[in-house]
Each structure stands twice: as C-alpha cells, then as structure tokens.
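Student: Can we go through this structure together? I'd like to know how the labels people put on it are earned.

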Amino acid sequence: MPEINILPKEIYQLIAAGEVVERPSSIVKEMIENSVDAGAKNITVEIKNGGTTYIRITDDGCGIERSEVKKVFISHATSKICAKEDLNSIGTLGFRGEAMASISAVARVELLTKSSLEDVGTRYEIAAGEEISLDDAGCPNGTTIVVRDMFYNTPARMKFLKKDVTEGNSVAGVVDRMAISHPEISFRFIRDSKQTLITSGNGDLKSAIYSVFGKEISESLISVDYSYENMRVSGFVSKPTASRKSRAMQFFFINSRLVKSATAMAALEQAYKNSIMQGRFPMCVLNIELNPALVDVNVHPAKIEVRFANEKPIFQLVYFGVKMAVENDRSVKEAQFTPRLEEIYSQPAEDKKENTYSSRLDFFKRKPEPPVQQTFRIKSDAPVVYGTDDKKSSDAVLSSSGNAYNKPVVSVNNSLNQSKPDVRIEEDNSIDVIESTQQVVTADETVKEDVPSFKLIGEAFKTYLIVEIENELYFIDKHAAHERMNYEAFRSQAEIETQMLLTPQAVNLSKDELGAFIDNAELVGKCGFEVEQFGESSVIVRAIPSLASGSNIEDLITEIAQKLLEHKTDIEPDKIDWIYHSASCRGAVKAGDFTSPREQELFVKKLLSMPNIRFCPHGRPVFIKISRYDIEKQFGRA
C-alpha cells in the first residue's frame with residue numbers, strides 16, 4: 001500500500017498557484033478585482049515585456065492597515081467573507097483568498113499600502129512565499145503592488161508562456177473588459193512605458209466603450225435597458241447592419257462580473273433572428289443585475305463560469321431586452337455607390353484600367369489589363385483560320401504564361417475583332433499572333449482535347465450557368481466552381497502570388513483575435529498575406545493573395561483571426577488549408593455578380609477542362625445535371 005504524504009508548504013503553494021496563476025493576465029485580473037473591491041476610483045496598470053518581468057497596479061482604494069498586511073499573502077485569507085452563509089450571496093469580485101498567496105508563490109512581490117487611518121504607509125516584500133522585509137514607507141492612501149520575474153522559481157512553467165506581444169495583448173484584453181464593466185472607475189494602462197488606454201471614470205458606459213474600442217464601434221451601438229422579475233439588463237448591442245463574423249465582441253457581465261453564459265448568448269442571437277444575416281453575429285456589452293443568491297459564481301477558479309438557479313428568466317430578460325432595442329432601431333445601412341454598368345462599358349479602354357469596379361465584373365482578371373498590342377505563342381501544329389466562322393476559328397488555341405485560374409483559355413475568334421491580326425512565322429516554326437484588341441483573355445494551359453462540346457444556354461438568377469452537353473443540361477453554381485478553382489490554385493502554387501494594396505487597410509480586432517493573429521503571423525505570411533500589428537487593437541493589411549483580390553478585406557481578416565483563435569491546437573497544414581478555404585471563398589465571383597456571355601463561356605470551358613472539380617471546398621456540389629429524358633418525362637413526351 002503506498003504511503004500517504006503530507007505535502008510541505010512550498011509544494012502545495014505551487015499547486016494552488018497553478019490553479020489561479022496561468023499567465024500575466026491572470027495576475028492582472030485578480031489584482032484589479034481586489035482594487036475594485038477596495039472601492040478604488042482610479043486604477044493604473046503598468047506592464048513590461050508582456051507582464052512576464054514587471055507588473056504594477058496602483059489604486060486609490062481603502063488601503064490595508066499594517067497589522068493586516070501579512071495576512072494578505074496567507075492562503076484562504078480574505079476580507080470578503082467570514083461564514084459559509086456568505087457564499088450564497090457573494091457581492092464582491094474576489095472572495096476565495098487564494099490570489100495573492102498564489103502570486104507570491106511564483107514571483108517576487110512588493111506591496112506599498114496606506115489606509116486613511118494611518119500616518120505612515122507600509123512596504124512589504126515577499127518572494128516564493130517567503131517574507132523578505134516589512135518597513136515604513138511614504139505613500140498616498142491606497143495600494144500599489146509590483147510583481148516581478150513571474151515563474152522565476154518554476155522555470156518549467158516559464159516555457160509555456162507565449163511571446164511578449166501575445167501576453168501583453170492578453171493583459172490589455174483584461175484591462176479592456178474591466179474598464180467596460182466598471183465605467184465609474186478611471187482605468188489607465190501603460191505598456192512598455194507607453195500609455196495605451198485611459199477612461200474617464202464618469203460612469204458613462206458609452207464613453208468607456210469609445211475609449212476601449214474606438215469611434216467606429218461605439219457609433220454602431222444601440223442602447224438596451226429592460227427590467228423583468230426584479231432583474232435588469234442594461235448596456236449596448238450593435239445595430240443589425242453592424243454585425244461581425246465572430247462572437248469575439250460579445251461581453252456579458254453578471255453584477256459587473258465578466259462571465260461566459262451560453263444562456264445569455266443564445267438569447268442574444270435569438271433576438272436578432274430575421275434581422276441579421278446567417279453566419280453573422282451581433283456585438284454586445286450587457287450587464288445583468290440580479291440577486292446574488294440566484295447565481296453561483298463559485299464554480300471555477302477563474303470565476304468566469306456561473307450557474308443560475310433558473311435559466312429561463314435569464315433567457316427571457318436578455319431576449320426581450322435586446323429584441324425591443326433592435327425593433328426600435330430605425331437606422332438604415334448606407335449604400336456604397338458604384339458606377340452603373342453602362343457607364344463602365346461606355347468608358348474608353350484605357351479608363352477601364354483605373355476603374356476598380358471593372359475588376360469585379362471580369363472576375364478572372366486579377367491582373368492588370370494587357371496592353372493594346374499583345375503577342376501570343378501558338379503551337380506550330382495548330383491551324384490558324386481567319387474569317388467570321390466561329391467554329392473554324394476556334395480551332396486555333398492560344399497559349400501563354402499566366403495564371404490558369406485568372407486567365408481562362410480562349411480560342412482565336414475574329415468575330416470579336418474588327419481588324420485581322422498580324423501573323424509572323426519564326427525560325428522554330430512557331431507563330432506569333434499580334435492581336436489589336438484588349439478583349440482577349442489568355443491562360444497558361446490549353447484546353448484538353450477531351451473537353452466535351454457544349455452549348456451555353458445562359459445564366460439564371462445571375463448565379464447559375466446553364467449548359468447543354470449532348471442530351472443533358474448542367475446547372476453550374478459559378479461561385480462554388482470559382483471558389484474551388486481558387487482553392488486548387490492555392491494548393492498548386494509553390495509560392496503564393498501576392499498583390500500589394502494601393503492603400504493599406506486597417507482592420508479592428510478584439511484583443512484575443514489580435515493575439516491569435518500575431519502568434520500565427522509567419523503562417524499567415526506563407527498564405528500570401530502581409531499583415532502587421534497596427535495600434536493596440538487592430539492590424540494593417542498591406543498585401544493579400546492575388547486570388548483573393550476584390551474580396552472584402554475586413555471580413556476576410558476577421559474570419560481568419562477568429563478561426564486562428566478557435567483552432568489554436570490545429571496543426572499547421574490544417575490551419576493553412578482553412579485559410580485557403582476562406583481566401584478562395586472571398587476571392588470568388590459572388591452570386592448576383594455580373595458576368596458577360598463571353599466570360600461565361602470561358603468559365604465553362606475552363607471548368608470542363610478540370611475533371612477533378614466537382615465540389616466546392618465546403619462540400620457543396622459545383623453543378624447538377626438534368627437529362628433530356630427527365631425533362632421530356634415531365635412534359636409527357638417520354
């Protein structure tokens with residue numbers, strides 16, 4: 001039988017610290033909560049190197065009397081509760097008495113404090129759970145705690161910390177959330193000697209949101225204030241037109257405590273039903289006020305998970321509060337005007353190159369228009385036929401260098417040209433054809449000989465191409481097909497071809513999304529993106545893959561950031577694969593986009609030359625077919 005050992009203090013302290021202190025942001029969260037419980041009106045947080053080497057938190061709360069200072073660092077010593085009955089109605093953010101003991105067990109801690117009842121302050125030092133000194137100190141009323149050299153005595157845990165920028169972003173996220181949960185407190189955040197956040201502390205939640213998330217987000221919010229069965233929900237939610245691709249900007253608070261609540265999240269999204277596009281999510285900053293006896297916060301060491309005595313009233317409170325706010329909102333999404341089609345096609349050819357909308361019409365043309373005079377190489381065994389007979393002229397197949405997915409294969413068709421092209425035979429028996437038109441689109445592959453003959457019937461709903469092949473009709477989903485073409489092109493490229501943006505674009509992200517993006521910066525670079533951190537809560541995009549040109553950059557970057565956040569443990573090939581999925585989808589022609597008859601024909605020809613394309617990357621079919629027999633059967637002919 002194994003012997004039962006009583007663990008010494010230095011070991012069980014480290015075990016307890018592992019439950020509470022995971023990273024610098026854990027320390028900051030616990031100490032800010034203590035400052036809030038102490039009645040502080042001003043809280044300053046300063047970190048260096050992501051908080052791994054230096055954290056300082058200063059408040060103007062009630063302070064700690066000298067006789068109580070040593071008790072702060074004793075496990076399970078707390079001023080928040082004193083009897084088991086108190087656990088049924090916890091009204092403070094902290095209550096377990098584990099945080100400071102756990103922090104002092106894995107770091108060097110210095111405490112400066114003074115209560116209003118004392119003339120002289122106190123300076124106390126403790127490291128690895130062992131007291132170093134206790135002296136007088138000159139300091140204002142309140143408390144300052146400095147934490148240095150996190151995990152210095154447990155190097156095995158040090159290696160699990162991430163890069164300084166990632167840890168710093170995590171700390172910034174904690175400060176942001178505390179600032180919006182307590183707008184009556186002025187928060188100040190200093191990162192590597194640079195002030196990055198300051199809130200007014202005037203009690204105005206909208207002002208706090210503006211300081212944390214900026215003007216764009218704060219102006220897209222609508223107010224919520226609703227009471228139900230002695231409970232109240234207040235705060236802000238986003239307008240239906242200002243939805244996001246992820247839930248990263250949803251913040252729920254119970255009595256000003258940040259929580260994760262599946263009930264509140266489900267109620268929020270249900271309230272937006274029929275008001276928001278599928279796959280989009282609202283933003284929110286909502287505080288639920290209720291009797292502390294109706295909620296249990298003593299579920300998890302981080303105190304972020306809660307249990308309700310009855311979840312149904314919580315659901316109804318959030319649902320009806322948000323639903324009323326959304327229905328009362330009368331704002332209309334502003335239109336983004338673009339030139340009319342007739343204006344685009346009436347422009348001179350040289351002006352079209354400058355029109356950004358024309359690249360969305362010609363969805364293969366991801367590169368600039370070719371010059372007026374362009375030379376193509378034609379295989380010497382391919383006959384060259386001139387005239388107006390489309391069938392004969394299609395026998396001459398052009399080939400040149402380029403991207404097969406951006407420049408589909410075409411045949412020489414003189415019916416498109418007013419003048420006959422010049423032909424020059426070279427010594428190697430190849431032929432140079434000089435075209436005097438800009439309408440010809442070329443590719444680096446020739447159409448395979450086994451491509452079946454087809455007849456393009458047209459396009460339905462600006463989404464489905466209708467093609468006749470022998471005795472069958474094919475309905476092609478042009479978005480799904482083009483998305484798969486892009487995806488296969490990404491996979492086939494040894495080095496992803498990039499396109500620099502004329503104007504770099506800034507994209508706002510949540511702190512967690514930003515941290516995930518920075519952690520995977522090298523991987524994202526491999527996928528053809530040139531992105532770097534820009535400020536405290538955004539990235540700036542300088543280049544994107546050529547195959548994704550014309551896509552909504554903000555939606556694309558937000559989607560990738562959210563996937564990186566949700567799939568942290570995925571292996572690199574899997575991450576690259578779903579980044580390709582996102583970029584392929586965003587860069588593909590959309591349902592409803594205009595495509596000319598010539599583009600439709602080129603597109604079908606290219607698709608039929610790629611027999612491996614049958615489904616889009618998400619598994620949806622690229623096309624369906626209906627036989628002549630099935631059609632005639634419907635008319636009673638079969």
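Student: What share of the 638 residues counts as buried, and what makes a residue "buried"?

Tutor: This is a predicted model, and 48% of its 638 residues count as buried. The label goes to a residue with under 20% relative accessible area, so each residue in that 48% falls below that cut-off.

Student: And what about the surface? How much area does the protein expose?

Tutor: About 32200 Å², with carbon and sulfur atoms supplying 50% of it.

Student: How do you know what share of the contacts joins residues at least 24 apart?

Tutor: Take the contacts between residues at least 6 apart in sequence: 69% of them join residues at least 24 apart. A contact here means heavy atoms within 4.5 Å.

Student: How many helices and strands are there?

Tutor: The protein has 20 helices and 26 strands. Let's look at two of the sheets.

Student: Which order do the strands take in the open sheet of eight?

Tutor: The order is 5-4-3-6-2-1-7-8, and the pairing is mixed. Strand 5 (130–137) and strand 8 (194–198) are the edge strands, as each pairs on one side only. From one strand to the next, the twist averages 15°.

Student: Why do strand 4 and strand 5 count as a pair?

Tutor: Pairing takes at least two bridges, and seven join strand 4 (residues 121–127) to strand 5, so they qualify. The two run antiparallel. For one bridge, look at Thr-122: its partner in strand 5 is Asp-136.

Student: Which helices lie on strands of this sheet?

Tutor: Helix 2 (residues 24–37) packs on the sheet, touching strand 1 (42–48), strand 2 (54–59), strand 6 (142–148) and strand 7 (186–191). Its direction makes about 10° with that of strand 2. Helix 5 (residues 164–181) lies across strand 1, strand 7 and strand 8, and runs at about 175° to strand 7. Angles go from 0 to 180 degrees between N-to-C directions, so about 175° means that helix 5 and strand 7 point in nearly opposite directions.

Student: Now the open sheet of three strands: why are strand 23 and strand 24 at its edges?

Tutor: The order is 23-25-24, with antiparallel pairing. Strand 23 (498–508) and strand 24 (530–533) each have a single partner strand, so one side of each has no neighbour in the sheet. On average, neighbouring strands here are turned by 15° against each other, direction ignored.

Student: What makes strand 24 and strand 25 a pair?

Tutor: Four bridges link strand 24 to strand 25 (residues 538–545) in the antiparallel sense, and at least two are needed, so they pair. Glu-532, for example, stands opposite Ile-540 in strand 25.

Notes:
Residues numbered from 1 in each chain as written. Predicted model: local features only at pLDDT ≥ 70, side-chain atom pairs only at ≥ 80, totals over all residues. Heavy atoms only, no water. Buried < 20%, exposed > 50% of the residue type's maximum accessible area, 1.4 Å probe, protein only. Areas by Shrake-Rupley, 256 points an atom, 1.4 Å probe, with all protein chains shown as cover.
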